[in-house]
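Let's take a walk through this protein together, from its overall build down to a few individual side chains. Keep the viewer open and follow along as we go.

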Amino acid sequence: GRASFAVLLFQDISVIPILILAGLPLSGGGAMWGNVALAIGKAGLALAAVLIAGRLALRPLLRLVAGTRSTDFFMAATLFAILGTGALAGLGGLSMALGAFIAGLLLAETEFRREIETIIEPFKGVLLGVFFMMVGSGLDPARLMAQPFTLICLTLGLAALKAGVIVVLAPFFRLPRAPAISAALLLGPAGEFAFVAM
């Protein structure tokens, strides 16, 4: 369980550089490395601005809103912080999803973490449903049924490949064989991290 959780936590942390690199305008040759360096520098400045603004403004804003003792106002301020951070990240050339992710990290560091979790709980179910509906609506059932054997083999192959990599790497992290196999079976199937990266 701890090994699987550690991998999932590392995946969450690695979302930031992956989202930055996924949005880069890549072209061949030396221009590509110039684009990468420019985009990383711009992303670094945007991230620093978002983090500094969030740390300086978020706590005082939440304290002010909490003083009103209005649940609706607190919920609106929380959503404003998330959307505002996403918009700031978008202006800085980063993805809005990355901005929202950073907003979540900043909100989790405040003393209002429990209140925010309670307030956004209803939204989690709705947004999760919307996410899976969007993913599902992008599927073409006729195309899936045209080659079901290939689809099943590719799915099982991906899970087996990921599980194999985990089993091979486990000894390097001093993980015994039985927990390594358990972690491989837990982490073998592709999860939501693949959807976020895509």
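The expected span of a helix is 1.5 Å times one less than its number of residues. With that yardstick in hand, and remembering that this is a predicted model, look at helix H5, which covers residues 113–137. Its 25 residues reach 34 Å from the first C-alpha to the last, close to the expected 36 Å. Follow H5 along and you will find a bend of about 45° at Ile120, with a proline, Pro122, following within four residues. Helix H4 (residues 96–108) can be put to the same test: its 13 residues should span 18 Å, and because its end C-alpha atoms are 18 Å apart, the two values agree.

Now step back to the whole fold. The protein has nine helices and zero strands, so from the N terminus on, the order of elements reads α-α-α-α-α-α-α-α-α. Of its 198 residues, 23% count as buried. The protein exposes about 13,500 Å², and carbon and sulfur atoms supply 75% of that area. Among contacts between residues at least 6 apart in sequence, 65% join residues at least 24 apart.

Which residues of H4 are buried? They are Leu98, Gly99, Ile102, Ala103, Leu106 and Leu107. A general point about helices is handy here: an α-helix has 3.6 residues a turn, so residues three or four places apart point the same way. Another buried residue to visit is Ser4, in helix H1 (residues 2–22). Ser4 counts as buried because its relative accessibility is 6%, below the 20% cut-off. Leaving aside residues up to four places away in sequence, Ser4 touches Ala183, Leu186 and Leu187.

On the surface, there is a nonpolar patch formed by Leu161, Val165, Val168, Leu169, Phe172 and Phe173, with about 680 Å² of accessible area together. One of its members, Leu169, is found in helix H7 (residues 148–169). Leu169 counts as partly exposed, because its relative accessibility is 40%.

Next come the charged pairs. Side chains of opposite charge can pair when their charged atoms come close. The structure holds three salt bridges. In one of them, Glu111 meets Arg59 at 2.8 Å, N to O. This pair links distant parts of the chain, with Glu111 in the loop between H4 and H5 and Arg59 in helix H2, 52 residues apart. Glu111 also meets Arg63 in a salt bridge, at 3.0 Å. Arg63 lies in helix H2, so this pair ties together parts that are 48 residues apart in sequence. The remaining bridge to visit joins Glu117 and Arg114 at 3.7 Å. These two are three residues apart in helix H5, and therefore separated by about one helical turn. Arg114 is exposed, with a relative accessible area of 52%. As for the bridges that share partners, they join Arg59, Arg63 and Glu111 into one network.

Finally, have a look at the backbone in two loops. Most residues other than glycine have a negative phi. Arg69, however, has a positive phi of about 55° although it is not a glycine, and it lies in the loop between helix H2 (30–67) and helix H3 (71–91). Arg174 also has a positive phi of about 55°, and it sits in the loop between H7 and helix H8 (177–187). Arg69 counts as exposed at 76% relative accessibility, and Arg174 is exposed too, with a relative accessible area of 80%.

How values were computed
Residues are numbered from 1 along each chain as its sequence is written. This is a predicted model: local features need pLDDT of at least 70, side-chain atom pairs count only at pLDDT 80 or more; totals for chains, interfaces and linings use all residues. Side-chain values use heavy atoms; hydrogens and water are left out. Patches are made of residues with over 30% relative accessible area and no salt bridge: like charges are joined within 9 Å, nonpolar side chains (Val, Leu, Ile, Met, Phe, Trp, Tyr) within 5 Å. Accessible areas come from the Shrake-Rupley method with a 1.4 Å probe; for residues, only the protein chains shown count as cover. A salt bridge is a side-chain nitrogen of Lys or Arg within 4 Å of a carboxyl oxygen of Asp or Glu. Buried means under 20% relative accessible area, exposed over 50%, partly exposed in between (1.4 Å probe, protein chains only). The bend at a residue is the angle between axes fitted to the seven residues ending there and the seven starting there. Contact means heavy atoms within 4.5 Å.
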